[in-house]
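Please look at the sequence together with the model before reading on; the paragraphs below move from confidence to a helix and then to the contact between chains.

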Amino acid sequence: MDRTTDPRQGPPADDRAWLLEACAAITDQPVDADANLFEQGLTSLGVVRLSGAIQRRHGLRLGAVDLHDHPTVTQLSALIAERKESGV
Amino acid sequence: MTQPRTLSAPQEAILEAGISHPDPAAYTMVNAIIVDGVPAKALRQAATGTAARHDALHWILNLDDRYRISAGLGPTLIPAEETDLRSLDPADAIATVEAWMATQRAAAYDIWGSGPRIRFALFHLPETPSGPSTVCALMTHHLYTDEHALQLLWTEIVRRAGIPPISAPISPDLRYGRWAEASTSAAAATSARTAAEAVAQRCQTHETRPYPEYLERLPAPNGYGQQARALGPVDTADVSARLSVGPAAVYVAAVAQAVAEQTGHGRIVLHMPMSLRRTAAEAGIVGCFVASAPLPIRLEPTGDRLVQHCQQALNFASRHAHARPGLLSRSVGRPQISLAIEQPVTTRRLGPVTWSSFAAPNAGPKHPLSLQLSASATGPGRLRASWTSASLTQEQAVDLLERTTDHLNRLTAKG
């Protein structure tokens with residue numbers, strides 16, 4: 001059982017690993033960090049769930065446009081780091 | 001009911017639409033009434049008591065360990081801010097309230113927050129011959145109410161405040177939760193898919209490209225514009241009786257004619273908010289029951305035939321308003337032009353108490369071109385447009401409003 005499916009392990013401390021895990025849970029399948037999330041099963045309701053998860057963890061509001069402009073876990077993770085740093 | 005609440009199909013659709021919209025305040029709701037003849041204290045107690053009773057006004061969004069969304073019950077103690085405007089001239093007091101409403105309407109709503117989901121504000125106005133005069137305003141999100149639910153709330157509040165002892169039921173109203181659960185059942189999902197397929201088929205031969213493509217507009221910087229014009233009384237009684245149609249068919253026909261003239265396309269798709277309340281019992285439930293329904297319209301050779309066609313299109317859209325939004329946006333495309341028919345400003349009376357609605361504050365467009373029409377046979381109405389800069393110019397928008405008004409007048413002309 002990996003991190004994605006083992007509820008006994010808490011959320012990972014590392015933001016990128018957490019994002020990877022969240023995307024896997026939302027799309028219900030393992031996710032490639034450098035592949036487009038929308039080609040890996042991310043639906044419009046999935047965007048809402050992911051945005052909510054990011055807001056809960058980081059206090060950042062990301063819209064669908066942000067996710068479409070940063071469609072991989074790697075890109076999204078960088079965007080979150082950038083927004084946190086700039087405080088926007 | 002202590003278990004997590006299931007979000008309804010319209011609530012899921014609003015969450016999706018909200019996250020896709022660049023404006024974080026797109027689905028913030030601000031609404032207000034002026035109540036004469038009731039002490040502000042009674043109004044405050046009635047407002048907070050009424051809000052506390054409706055379960056659907058207190059749902060906070062939760063994410064489970066798989067990031068699925070459900071709702072839990074948030075605080076039912078509703079804050080009510082109070083502002084004393086009694087020292088102001090009446091006109092200045094109203095202007096102060098309107099400015100406050102506009103500011104609130106533009107404020108982003110924290111949908112993932114855990115604080116109260118609805119807030120009240122009371123403004124004490126200069127006293128009138130019938131006694132105290134108070135503005136009662138509320139701020140919430142479209143997830144929690146729709147236009148009809150707001151009217152239910154105001155009516156209950158005035159009843160509670162104006163005629164003690166309270167005649168309204170005081171037990172918690174949990175009906176929206178039950179309706180929400182049914183709206184996302186397996187049977188409802190199948191029905192929503194079938195409805196989406198039927199709508200897609202009906203829209204197949206209609207123009208659904210983005211509005212600027214009809215007009216062959218050059219790209220413009222981001223931003224939006226808005227314009228409103230006052231309407232005189234619009235009496236649809238004659239045409240309604242003659243053609244056996246409702247007023248909405250006449251309004252839709254006027255907009256369709258104006259858009260078709262401007263774009264040169266005789267087959268367009270207007271998107272309209274439609275209620276999913278189907279029964280008398282559902283008509284009494286506070287919650288969000290609204291879905292955006294595509295309305296495929298084709299121009300007809302005469303105004304009468306167009307109005308009749310619009311009525312048929314409205315009937316079809318109403319029967320299929322539960323269509324699954326995700327499937328619709330893939331097959332029909334995202335809404336380009338929307339038309340919302342709003343309640344005109346009205347005054348109502350209950351015993352010695354009168355209350356009047358406030359005109360909704362202006363807001364940015366929900367779609368590339370958003371139109372809001374409120375009309376009355378006996379009093380003034382309003383036609384508003386808001387649009388993204390990438391869709392229309394100011395001149396084109398003004399031209400569209402003028403054309404719509406002209407067609408409205410022509411379609412409702414007597415004889």
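In this predicted model, residues 1-8 of chain A have a pLDDT that stays under 50, and for this stretch the model has nine contacts beyond four places in sequence. For chain A as a whole the mean pLDDT is 87, with 84% of its residues reaching 70 or more.

In chain B, helix H2 covers residues 40-53, and because 14 residues at 1.5 Å a residue should span 20 Å, the distance of 20 Å between its end C-alpha atoms agrees with what is expected. Which residues of H2(B) are buried? They are Ala40(B), Leu43(B), Ala46(B), Ala47(B), Thr50(B) and Ala51(B), and because they cover an arc of only 120° around the axis, they lie on the same side of H2(B). An α-helix has 3.6 residues a turn, so residues three or four places apart point the same way. The partners against which the buried residues of H2(B) pack are strands E1 (28-36), E4 (80-84), E5 (119-128) and E6 (131-141), together with helix H4 (147-162), of chain B.

Turning to the contact between the chains, chain A contributes 19 residues and chain B contributes 16 residues. On the side of chain B that touches chain A, helix H1 (9-20) and strand E2 (59-63) of chain B each supply at least two residues, and the largest share, five residues, comes from H1(B). By residue character, this side of chain B divides into nine nonpolar, two polar and five charged residues.

Technical notes: Residues numbered from 1 in each chain as written. Chains lettered and ligands numbered in written order. Predicted model: local features only at pLDDT ≥ 70, side-chain atom pairs only at ≥ 80, totals over all residues. Contact = placed C-beta atoms within 7 Å. Helix = DSSP H or I, 4+ residues; strand = E, 2+ residues; numbered from the N terminus. Nonpolar A, V, L, I, M, F, W, Y, C, P; charged D, E, K, R; others polar. pLDDT = per-residue confidence, 0-100. Expected span 1.5 Å × (residues − 1). Buried ≥ 20, exposed ≤ 12 C-beta atoms within 10 Å, placed from the backbone. Arc of directions from axis to C-beta.
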